[in-house]
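Student: I should like to take a close look at a single part of this protein and then follow its surroundings. Please treat the matter in one connected account.

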Amino acid sequence: MKQPLALFLLAVASVATVLPAHAQLLPQAEANKPLDRIVAVVDDGVILQSELDDAVRSVQQQYASQPGQLPPLDVLRRQVLDRLVLMRLQVQRADEQGIRVSDQDVDQAVNAVAQQNRMTPEQLRSAVEQDGSSFASFRKQLSEQLIAQRLHESVVRDSVSVTDSEINNLLASPTYKAGEVHLAHIQISIPSGGTASDIQSAQAKAQQAMDAIKGGMDFNAAAIRFSDAQDALDGGDLGWRRMDEVPPAFADAVGTMKPGDVSPALRGPTGFHILKLVETRAPQRQVVPEFHARQILIKPSELLTPEQAHQKAQDIYNRIVNKKEDFSKLAKENSKDNTTANAGGDMGWFPQQAWGSIIAQQLGQLKDDQVSQPFQSEAGWHILQRLGERQSDRTDEIERDQARQAIGNRKAEQAYEDYLREMRSNAYVDILVPDLRDPNQPNKKS
């Protein structure tokens, strides 16, 4: 079973340990130990034996209750090293592009991991250290993951766009299927610009994986053993995806499968893929509550201090509630919200969260026709009147939004996969330990 992200982070906290960075802090007994050796040169950086050993040990701890899921130690070491190489390359490329993360960013990530594990940050730190890992290394790993995420965003930001025509074509396609699927996969990659020999080697490895599965090997175990994907050590679990997010090259195959079925090795843009359909979920109508409201917004300005803005909002509230003055007229005369003032403050019908969490909270507390006390947001002081509530079927609108997101995600995934393959193929990577080299591929250097 796939481990939750937070638990996985906890299990592999020591992946990024770099011995030389702490060498001056080590006691004399530690300094007298044999020097750490370099196992791989990655462009301008290196990966140390200690890093690899810590990362392998962390994966073994992650699967301590299911050791049979892991491949032989030599295969596991090669897989983990490949993951370390890819992460190191992403961090280097991000650094070249000026992508940085601050200590505050890492603090927020630590807090998020702690919350996911129902811990305080202090308890998380203790848990990491009790596992024999360095909390500084844990923070460094989180930092690298944030950097890789921002690199991903940078790569796909300008290369991915979705048009209305693409959405219409997807929804009108005879192969379009609604609903969601839970998938796992095994990916056997072909290097960027791969030769006929590379393709033949990948196909042979895919056949080995198929034979192992047919011979009774658990699919997750086969993914750990054979897959080249970044999620290989998580059993190849892709989680839940809408059917419109499944790449077209595989959608037809998935559409004919039943839960538990495993596809043949399918040729895709980056190599060969073996898919397992774990579960399916049928689509449902999307009926959501909508609210009709109007507002008056008073903003502080050079001529109006925050205290004066608050007092003005309070005066207008009293004129509406106590003097029964017309809300619409006061909105036109006083509101500084450019989108609603000319309409008498009318916000129309909208989902509860459409105007932000502060207004959403007020809507939940008001009854129809009730006027709120002035309340503050980043924009200024609001007076809100709830006019009505209804249930709205937004299935078609949500379906279009989901189709846009699915097409965008699919394009982004392909764009970044292509980026990683090209980056890996063009990088200088020298595996110095022969036993750590993939026997199916030469030790390529650029």
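Student: In which loop does Gln-66 lie? Please start there and continue to the helix that contains Ala-221.

Tutor: The model is a predicted one, and what follows should be read in that light.

Gln-66 is in the loop that runs between α3 (49-62) and α4 (73-96). With a relative accessible area of 30%, Gln-66 is partly exposed; the category applies because this value falls between the cut-offs of 20% for buried and 50% for exposed. In sequence, Gln-66 is 155 residues away from Ala-221, yet the two C-alpha atoms are 9.7 Å apart in space.

Ala-221 leads to helix α10, where it is one of the buried residues. This helix, residues 219-226, is mostly covered, with six of its eight residues buried. Those six are Phe-219, Ala-221, Ala-222, Ala-223, Ile-224 and Phe-226. The cover over them includes two helices, α4 and α9, together with the strands β3 (180-189) and β6 (271-281). At the start of α10, Asp-218 places a side-chain oxygen within 3.0 Å of the backbone nitrogen of Asn-220.

One of the covering elements, α9, can be described in detail. Helix α9 spans residues 196-214, and its axis comes within 10 Å of the axis of α10, the two crossing at roughly 155 degrees. Angles over 145 degrees count as roughly antiparallel, and α9 and α10 are therefore roughly antiparallel to each other. The handedness of their crossing is right-handed. On the α9 side, the residues that meet α10 are Lys-205, Gln-208, Ala-209, Ala-212 and Ile-213; on the α10 side, their partners are Phe-219, Ala-222 and Phe-226. Sorted by class, this contact comprises six nonpolar residues, one polar residue and one charged residue. Phe-219, Ala-222 and Phe-226 thus appear twice in this account: they belong to the buried set of α10, and they also take part in the contact with α9.

Helix α4 follows the loop of Gln-66 and is also among the elements that cover α10. Within α4 is Gln-92, which counts as buried because its relative accessibility is 14%, under the cut-off of 20%. Apart from residues up to four places away in sequence, Gln-92 touches Val-42, Asp-43, Asp-44 and Gly-45.

For comparison with the loop of Gln-66, three further loop residues may be considered. Ser-377 is located in the loop between β9 (375-376) and β10 (381-393), and it counts as buried at 18% relative accessibility. Its side chain makes a polar contact of 2.6 Å with the side chain of His-382. When neighbours within four places in sequence are set aside, Ser-377 is in contact with Ile-358 as well as His-382.

The other two are notable for their backbone. Most residues other than glycine have a negative phi. Arg-118, although not a glycine, has a positive phi of about 55 degrees. Arg-118 is found in the loop between α5 (103-116) and α6 (121-130) and is exposed, with a relative accessible area of 80%. Lys-324, likewise not a glycine, has a positive phi of about 60 degrees. Its place is in the loop between α12 (306-321) and α13 (327-334), where Lys-324 is exposed at a relative accessible area of 66%.

Key:
Residues numbered from 1 in each chain as written. Predicted model: local features only at pLDDT ≥ 70, side-chain atom pairs only at ≥ 80, totals over all residues. Heavy atoms only, no water. Axes fitted to C-alpha atoms, helices over the stretch in contact; angles between N-to-C directions. Helix = DSSP H or I, 4+ residues; strand = E, 2+ residues; numbered from the N terminus. Parallel < 35°, antiparallel > 145°, perpendicular 65-115°, else oblique. Left-handed = near helix turned anticlockwise from the far one by under 90°. Contact = heavy atoms within 4.5 Å. Nonpolar A, V, L, I, M, F, W, Y, C, P; charged D, E, K, R; others polar. Buried < 20%, exposed > 50% of the residue type's maximum accessible area, 1.4 Å probe, protein only. Polar contact = N/O pair within 3.5 Å; in protein donor to acceptor, adjacent residues only side chain to side chain.
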